[in-house]
Amino acid sequence: MNLCIDQGNSRTKIGIFDQDKLVHSFSGKSPTTDDYSAIIEEWNIDSCILSSVTGEDAWLGKKLRKNTQNVVELTHNTPIPIKNNYRTPETLGKDRLAAVVGASFLKPDTDLLVIDAGTAITYDFIETGKIYRGGNISPGIDMRLRALHEFTKKLPYAEASADSPLMGEDTKSALVSGALYGIVFEMDGYINTLKAKYPLLSTFLTGGSFFYFYNKLKNPIFAENNLVLIGLNRILQYNV
């Protein structure tokens, strides 16, 4: 049994895997020491991988190493089952790295685009499922709406919504639709441009905001909200 921990700035995602099968997942406030002890005991955890954007908590690393057989802390030096051609691997987000590994595991031997829609939107390309070529970073939907409000004098702040018309009917709906469909057209644009060169391209959509976009894209996609956890589990298996 494998425990995969994706520790973000404000939320933590946890996945428990029986080999390749995700049997339990959690997303929310970071668990306490007692919570992790209960998880390890209840699920009889053998191995664990920790990915943290904030740096490893000393107590968590100590707890994991004391109570499991194998612990992997994901860094840019951690061996992974694909080739990383990013020019500055030490600056590559760990969630981006895990997501591309997850995609290459689910769809091996084909060209892949991974779109992770969160606070920011990342676009990452993997050639033939084995070589990570790099990607781009774009503002997420809430970031766009906040920027429109904060960098103008009169535009209000508008909450994101998945049920916006193509063309806004008032100022708030114009803001929301502009941000929402601007991202939709951006995503389809990346897919179409890459498909022109890589006709067999497959696209994965993941991230906390993926639900805004997945049913509006013209291109077929694989929606997988647990792609980062799947990638972490694959990296853990590769190392253990």
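This dialogue goes through several features of a predicted model, from its sheet to its salt bridges and surface.

Biologist: Let us begin with the sheet: what is the order of the strands in the open sheet of six strands?

Modeller: In general, the strands of a sheet pair through backbone hydrogen bonds, and they do so either parallel or antiparallel. Here the order is β6-β9-β8-β7-β10-β11, and the pairing is mixed. The edges are held by β6 (83-84) and β11 (222-223), each of which has a single partner strand, so one side of each is left without a neighbour in the sheet.

Biologist: How many bridges join β6 to strand β9, and which residue is the bridge partner of Lys83?

Modeller: Two bridges join β6 to β9 (residues 131-139), and these strands run parallel. The partner of Lys83 in β9 is Ile131.

Biologist: Turning to the salt bridges, how many does the count come to?

Modeller: A salt bridge is taken here as a side-chain nitrogen of Lys or Arg within 4 Å of a carboxyl oxygen of Asp or Glu, and by this rule the count comes to five. One of them is formed by Asp109 and Lys130, whose closest N and O atoms are 2.2 Å apart. Asp109 lies in the loop between α3 (94-106) and β7 (112-117), while Lys130 lies in the loop between β8 (120-127) and β9, so the pair ties together parts that are 21 residues apart in sequence. Asp109 is exposed, at 59% relative accessibility, whereas Lys130 is partly exposed, at 44%.

Biologist: Which salt bridge has both of its residues in helix α4?

Modeller: That is the pair of Arg146 and Asp142, with closest N and O atoms 2.8 Å apart; the two residues are four apart in α4, about one turn of the helix. Both are partly exposed, Arg146 at 39% relative accessibility and Asp142 at 31%. A further salt bridge is made by the side chains of Glu186 and Arg144, at 3.1 Å from N to O. Glu186 belongs to helix α5 and Arg144 to helix α4, so this pair ties together parts that are 42 residues apart in sequence.

Biologist: Is Arg144 buried or exposed?

Modeller: The cut-off for buried is under 20% relative accessible area, and Arg144, at 18%, therefore counts as buried.

Biologist: How far does α5 reach from its first C-alpha to its last?

Modeller: With 27 residues, α5 reaches 39 Å, close to the 39 Å expected at 1.5 Å a residue. At the start of this helix, a side-chain oxygen of Asp170 comes to within 3.3 Å of the backbone nitrogen of Lys172.

Biologist: Which residues make the nonpolar surface patch of about 360 Å²?

Modeller: The patch is made by Leu166, Met167 and Phe185. Leu166 is found in the loop between α4 (141-150) and α5 (171-197), and this residue is partly exposed, with a relative accessible area of 49%.

Biologist: Finally, the backbone angles: where does Gln19 lie, and what is the phi of Asn44?

Modeller: Gln19 lies in the loop between β2 (12-18) and β3 (21-28), and has a positive phi of about 60° although it is not a glycine. Asn44, which is likewise a residue other than glycine, has a positive phi near 55°, and its place is in the loop between α1 (33-43) and β4 (47-52). Gln19 is exposed, with a relative accessible area of 60%, and Asn44 is exposed at 55%.

Methods: Residues numbered from 1 in each chain as written. Predicted model: local features only at pLDDT ≥ 70, side-chain atom pairs only at ≥ 80, totals over all residues. Heavy atoms only, no water. Patch = residues over 30% accessible without salt bridge, like charges linked within 9 Å, V, L, I, M, F, W, Y side chains within 5 Å. Areas by Shrake-Rupley, 256 points an atom, 1.4 Å probe, with all protein chains shown as cover. Buried < 20%, exposed > 50% of the residue type's maximum accessible area, 1.4 Å probe, protein only. Expected span 1.5 Å × (residues − 1). Polar contact = N/O pair within 3.5 Å; in protein donor to acceptor, adjacent residues only side chain to side chain. Pairing = 2+ DSSP bridges.
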